[in-house]
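Open your viewer, keep the selection panel handy and follow along from stop to stop. Each stop says what to select and what is there.

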Amino acid sequence: MPPWPPCLQPTLTTARRATAFSRTTCLSSIPASPTSTYEQGQHEEEPSLVVVGGGAAGVYASIRAKTLAPHLNVTVVEKGRFLSKVKISGGGRCNVTNGHHLEPAGLARNYPRGNKELRGSFFTAHGPQDTMRWFTDHGVELKTEDDGRVFPVTDNSASVVDCLLNEARRLGVSLQAGKAVSSASVAQDGKFVLKVEKRTSDFVDYINANYVLVATGSSQQGYSIAAQLGHSIIAPVPSLFTFKIADKRLADLAGVTFPIVKAKLKLDGVKKSVPELTQTGPMLVTHWGLSGPVVLRLSAWGARELHQCNYQGKLMVDFVPDIHIEDVKRILFQYKDQHAKHKVNNTFPTEFGLVKRFWRFLLEQESLNDDTHWASMPNNHLNAIALRLKQWMFEVVGKGQFKDEFVTAGGVPISEISLGTMESKKQPNLFFAGEVLNVDGVTGGFNFQINRFTTNFGNGNLIEYFIFKVRRKRDTNKYAIKIRIFQDD
């Protein structure tokens, strides 16, 4: 690794955090020339970076840029409020990553879009451990829950929001809210020209920048900028949403949770077998249908197919996935023999792990009244209940409202950027971070890892951690700062 310039010789702690830092430029390391002195260099215009988008991806990228290149002028332009999605993510607790998937290949399997591209060294440079370490080093204590989700111990997203904004301000990042970058172009000198407008007035300004990072999430703003600068866009569709179910009787079960079910999504437009359209995990009954991690994961893996099918399909649910159907029947028949004098609506086999509300709902489907005793339970009803427990078919007739969705599938194709630096292959010095890219993860903290700490950081999916690397480049006896985005810390 090339030596550190004298003005940026790191302490031991800093060196550990920036092991991939190869070379940077500072004025004191620039050799003097007859026409340029150190004092003159001090007054030269410093290179500038404009980050479009004030989600976690944009804010964290600005922090890394100023950390590794203190002389770089860094501005973040956000049309709304900074870190607004981070504030409400995870039910207001902010799920920053997942602590159960630490191995890169296993971690990559949690990304419906991007899993193939991310299988390499992407997460080796910056994985969940690095995300957790960064927050801990900056005063945010974290905890890992049983399902692997990682939250601040305060259970309050403000801990994450305040940490990021305070660090950005401390480093001198210019945070400009209430402004939108409406267009972008490249001037003859190679600099970017950004048109900036205020949402609440007729204010219009133009900003010149050496480097631009687009971290706008799923906003049309980012897609427009990318297209103006030569990129194609994969049409975005919703991901991570709940299912509306035709059976209105489910409303009586609203709030009932199942610790583990196995659910298989069947779509008329999908003829080939897609293993990811079968998922196992917790499920929740809502007033309009089904939700919970297992449903959200199905919606993510089937986002494109569901959109093509107008969100119509079949969902087969196994409520006792760990018990074979023949064993389910055996348990029911044994229970009938052992509890003949009990009423069926009051007692049922505990092996199934069901709540009483759901058991009674099952009996209603078989038209069994409250006075029925186990002794008089017809065998054909027991067989029917066993089949429902193992293969209950629900009709999906729609999805949750768009306002409830936190993640989209689509955006700038990964093939049009360099994953090693997140730099555009179409336009030099243009970078992308987060959900503006065609990368998204399933529920459980994976979007916060990739979409917030490797490419985004506010979309779910909690995805948004980009490290800026500074290297020195000689150009006609002058030094220019070149920004590169890396996934290391």
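Select serine 367 to begin: just after helix 13, this serine takes a positive phi of about 55°. Helices here are DSSP runs of H or I with at least four residues, strands are runs of E with at least two, and both are numbered from the N terminus. You are looking at a predicted model, in which local features need pLDDT of at least 70 and side-chain atom pairs count only at pLDDT 80 or more, while totals for chains, interfaces and linings use all residues. Residues are numbered from 1 along each chain as its sequence is written, and side-chain values use heavy atoms, with hydrogens and water left out.

**Helix 13 and its surroundings**

Now step back into helix 13 itself, residues 356-365. Its buried residues (buried means under 20% relative accessible area, exposed over 50%, partly exposed in between, with a 1.4 Å probe and protein chains only) are Phe358, Trp359, Phe361, Leu362, Leu363 and Gln365. What covers them? Show strand 13 (257-266), helix 12 (325-338), helix 14 (379-391) and strand 17 (392-399), which are included in that cover; a contact here is a pair of heavy atoms within 4.5 Å.

**The aromatic cluster**

Next, display Phe258, Phe319, Phe358, Phe361, Trp392 and Phe394 as sticks: ring pairs link these residues into a cluster. Rings of Phe, Tyr and Trp (its six-membered ring) pair if their centres lie within 6.5 Å; planes under 30 degrees apart count as stacked, over 60 as edge-to-face and the rest as tilted. The structure holds 15 aromatic pairs.

For one of these pairs, select tryptophan 134 and phenylalanine 135, which are edge-to-face at 5.2 Å centre to centre with 85° between the planes. Tryptophan 134 is buried, at 3% relative accessibility, and phenylalanine 135 is buried too, at 0%. Return to the cluster for phenylalanine 319 and tryptophan 392: their ring centres are 5.9 Å apart and their planes at 70°, so this pair is edge-to-face. Phenylalanine 319 belongs to the loop between strand 16 (313-318) and helix 12, and tryptophan 392 to strand 17, so the pair ties together parts that are 73 residues apart in sequence. Phenylalanine 319 is buried with a relative accessible area of 5%, and tryptophan 392 is buried with a value of 5%.

Add arginine 388 to the view: its charged end sits over the ring of tryptophan 392, 5.1 Å from the ring centre. The rule for such a charge is NZ of Lys or CZ of Arg within 6 Å of the ring centre and within 35 degrees of the ring normal. Elsewhere, lysine 198 has its charged end over the ring of phenylalanine 203, 5.2 Å from the centre.

**Helix 9**

Select residues 220-228 for helix 9, whose buried residues are Gln221, Gly222, Tyr223, Ile225 and Ala226. Which strands do they pack against? Colour strand 1 (48-52), strand 7 (179-186), strand 10 (211-214), strand 11 (234-239), strand 18 (407-411) and strand 21 (430-432) to see them. At the start of the helix, a side-chain oxygen of serine 219 reaches to within 3.0 Å of the backbone nitrogen of glutamine 221. After helix 9 comes glycine 230, with a positive phi near 100°.

**Histidine 100 and glycine 106**

Histidine 100 is in the loop between strand 3 (97-98) and helix 5. Is it buried or exposed? At 46% relative accessibility, histidine 100 counts as partly exposed. Leaving aside residues up to four places away in sequence, histidine 100 touches Thr144, Glu145, Asp146, Asp147 and Gly148. A polar atom of the histidine 100 side chain lies 3.5 Å from the backbone nitrogen of glycine 148. Then move to glycine 106, found in helix 5 (residues 104-108) and buried at 11% relative accessibility.

**Zooming out**

Finally, show the whole protein, which has 15 helices and 23 strands. Of its 489 residues, 53% count as buried. Colour by pLDDT, the predictor's confidence in each residue from 0 to 100: the average is 81, and 79% of the residues score at least 70. Over residues 1-43 the pLDDT is below 50, and this stretch has 56 contacts in the model beyond near neighbours in sequence. Residues 451-489 also stay under 50, with 229 contacts beyond four places in sequence. Where pLDDT is low, the predicted coordinates should not be read in detail.

Notes: A polar contact is a pair of N or O atoms within 3.5 Å; within protein, one must be able to donate a hydrogen and the other to accept it, and residues adjacent in sequence count only if both atoms are side-chain atoms.
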